[in-house]
Amino acid sequence: MAILEVKSLGISFGGLKAVDNFNLEIEKNELYGLIGPNGAGKTTVFNLLTGVYKPDNGYVKLDGVNLTGKSCEEINRSGIARTFQNIRLFNQLSVRDNVKAGLHHHYRYSVVEGIFRLPRYRAMENAMDQEAEKLLEVFGLQDYAETRAHSLPYGMQRKLEIARAMATKPKLLLLDEPAAGMNPNETAELMDTIRLVRDQFDMTILLIEHDMRLVSGICERLTVLNFGQVLKQGETSSVLSDPEVIKAYLGD
């Protein structure tokens, strides 16, 4: 059974169909790409998958569980995490505390325990510190644990955003244009990071990306969106060489 099953998903804004009859299946541990021209509806699909928008029709299932219509928090708790095209970190918090923010679904204590620093609070905070440190080591950020997030170079901020998403312990990780604004060296390092996440965490990854070098370098299969509808699906090399896909990107 596919870990992600999307069937007949659709949404309209003011009578305009932004996404229409969108279907997608992704297998566990797959690295999958969602591509298409600007305005094709890719980020709208991500917003539907993560509960930012409620679909007009269709459904989303993760590991066989129907998530359609659930809130962003419920969907995150169920196992879908995402990053954003424009990096969204807690800029004034440390690198460690940004990662710990993603762990709070799994470590809980009461307000009273927090105010009075009771034993449960100390135990939970210590456990989160240790788990955050492990994640920072995986992403090569351990030397920056006390650095404020806004002080990191751009490429490291991207890594931190992915690390924070991984702290929620997802089954499916959504990456929205992770290479946006990166130079070639940063993009190459990002590709290594994405592969590491997939392999080390046995993670399933769906990404939106315009950098075709990254897409062709790491994605095993692709779906191409155009005007909110699926234009092509299949293995990466086959999709990228399809005349209709080329036409959608480059025009007649």
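1. Cavities. In this predicted model, the structure holds one cavity of 30 Å³ or more. The volume of the largest cavity is about 50 Å³. Its lining is made up of Leu48, Leu49, Gly51, Tyr53, Pro55, Val60, Leu67, Thr68, Gly69, Lys70 and Ile75.

2. The largest pocket. The largest pocket encloses about 460 Å³ of space. Among the 21 residues that line this pocket, Asn76, Ala81, Arg82, Phe84 and Thr168 are the closest to its centre. At least two lining residues come from each of helix H2 (72-78), strand S6 (80-82), helix H3 (95-103) and helix H6. Helix H2 provides the largest share of the lining, with four residues.

3. Thr50. Thr50 is found in the loop that runs between helix H1 (42-49) and strand S4 (57-62). Is Thr50 buried or exposed? Thr50 has a relative accessible area of 7%, and because the cut-off for a buried residue is under 20%, Thr50 counts as buried. Its side chain forms a polar contact with the side chain of Arg82, at 3.4 Å; Arg82 is also one of the residues closest to the centre of the largest pocket. Leaving aside residues up to four places away in sequence, Thr50 touches Cys72, Ile75, Ile80, Arg82 and Leu174. Of these, Ile75 is also listed in the lining of the largest cavity.

4. Helix H3. This helix, which contributes to the lining of the largest pocket, is mostly covered, with seven of its nine residues buried. The buried residues are Val95, Arg96, Asn98, Val99, Lys100, Gly102 and Leu103. They pack against helix H5 (119-138) and helix H6.

5. Helix H7, dimensions and N-terminal end. Helix H7 spans residues 184-200, a run of 17 residues. From its first C-alpha to its last it reaches 24 Å, close to the 24 Å expected at 1.5 Å a residue. The N-terminal end of H7 is capped by Asn183, which places a side-chain oxygen 3.1 Å from the backbone nitrogen of Asn185.

6. Helix H7, faces. Which residues of H7 are buried? They are Thr187, Leu190, Met191, Thr193, Ile194, Val197 and Arg198. Viewed down the axis of H7, these residues fall within an arc of 165 degrees, so they line one face of the helix. Asn185, Asp199 and Gln200 are exposed on the other side of H7. The cover over the buried residues of H7 includes strand S3 (31-35), helix H6 (154-167), strand S7 (172-176), strand S8 (204-208) and helix H8 (212-218). Helix H6 thus appears both in this cover and among the elements against which the buried residues of H3 pack.

7. The segment after H7. Phe201 lies in the loop between H7 and S8. Phe201 has a relative accessible area of 28%; because a residue is buried only under 20% and exposed only over 50%, Phe201 is classed as partly exposed. With residues up to four places away in sequence not counted, Phe201 touches Leu135, Val138, Met166 and Leu196. Phe201 and Asn23 are 178 residues apart in sequence, and their C-alpha atoms are 26 Å apart in space. Asp202, just after H7, adopts a positive phi of about 50 degrees.

Methods
Residues are numbered from 1 along each chain as its sequence is written. This is a predicted model: local features need pLDDT of at least 70, side-chain atom pairs count only at pLDDT 80 or more; totals for chains, interfaces and linings use all residues. Side-chain values use heavy atoms; hydrogens and water are left out. The expected span of a helix is 1.5 Å times one less than its number of residues. Buried means under 20% relative accessible area, exposed over 50%, partly exposed in between (1.4 Å probe, protein chains only). The arc is that of the directions from the helix axis to the C-beta atoms. Contact means heavy atoms within 4.5 Å. A polar contact is a pair of N or O atoms within 3.5 Å; within protein, one must be able to donate a hydrogen and the other to accept it, and residues adjacent in sequence count only if both atoms are side-chain atoms. On a 1 Å grid over the protein atoms alone, a cavity is a set of points where a 1.4 Å probe fits but cannot get out, and a pocket is an open set with protein on both sides within 12 Å along at least five of seven lines; lining residues have an atom within 4 Å of a point. Grid points are joined across faces, edges and corners, and a volume is the space filled by probe spheres set on the points.
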